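Got the viewer open? Let's take a short walk through this one, picking a few side chains at each stop.

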Amino acid sequence: MCGLHNHELVNTFENNSFVGRIKEEDKKHVDELTKYHVAPSHILSSFRDRDKENMTNISQIYKQQSTYINNLKGPKTDMQHLLKLLEDEKYAWSMTHEDSNVVRDMF
């Protein structure tokens, strides 16, 4: 015993959450595939195809996808982000009241 814990130190990290952490290169891979709307189950399959001993699970993929999308969106709300995307792609335009910033019509 080491004096700090009431159990022996482990020799391996088998079934330990540290082993299943997503590496930086895997995070970039998730971000790239998320950009092209690949399903999380297919992303996990691609990890398993590349490395049979990869311990990443589906919840870690979901968390990384959420982080990536939130980084793209920035501090905007979901509605603000949607309106920005619509405007960028010329899907919508809006008219505001002259004396305020309130949206009057949206097409």
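One cut-off to keep in mind on the way: a residue is buried under 20% relative accessible area, exposed over 50%, and partly exposed in between. Lys 84 has 34% relative accessibility, so it counts as partly exposed. Keep in mind too that this is a predicted model.

Stay on Lys 84 and add Asp 88 to your selection. Their side chains meet in a salt bridge, 2.6 Å from N to O. Both sit in helix 4, 4 residues apart, or about one turn of the helix. Asp 88 is partly exposed as well, with a relative accessible area of 43%.

Next, select Met 79, Leu 82 and Leu 83. Together they make a nonpolar patch on the surface, with about 260 Å² of accessible area. Met 79 belongs to helix 4, which covers residues 78-88, and at 51% relative accessibility it counts as exposed.

Now pick Asp 78 and Lys 73. They form a salt bridge whose closest N and O atoms are 2.4 Å apart. Which partner is buried, with a relative accessible area of 14%? That's Lys 73; Asp 78, at 55%, counts as exposed.

For the last stop, show Arg 50 and Asp 26. This salt bridge has its closest N and O atoms 2.7 Å apart. Arg 50 lies in helix 2 (residues 40-50) and Asp 26 in helix 1 (residues 24-35), so the pair ties together parts that are 24 residues apart in sequence. Asp 26 is buried at 4% relative accessibility, while Arg 50 is partly exposed at 49%.

If you want to keep hunting, the structure holds 5 salt bridges.

Key:
Residues numbered from 1 in each chain as written. Predicted model: local features only at pLDDT ≥ 70, side-chain atom pairs only at ≥ 80, totals over all residues. Heavy atoms only, no water. Patch = residues over 30% accessible without salt bridge, like charges linked within 9 Å, V, L, I, M, F, W, Y side chains within 5 Å. Areas by Shrake-Rupley, 256 points an atom, 1.4 Å probe, with all protein chains shown as cover. Salt bridge = Lys/Arg side-chain N within 4 Å of Asp/Glu carboxyl O. Helix = DSSP H or I, 4+ residues; strand = E, 2+ residues; numbered from the N terminus. Buried < 20%, exposed > 50% of the residue type's maximum accessible area, 1.4 Å probe, protein only.
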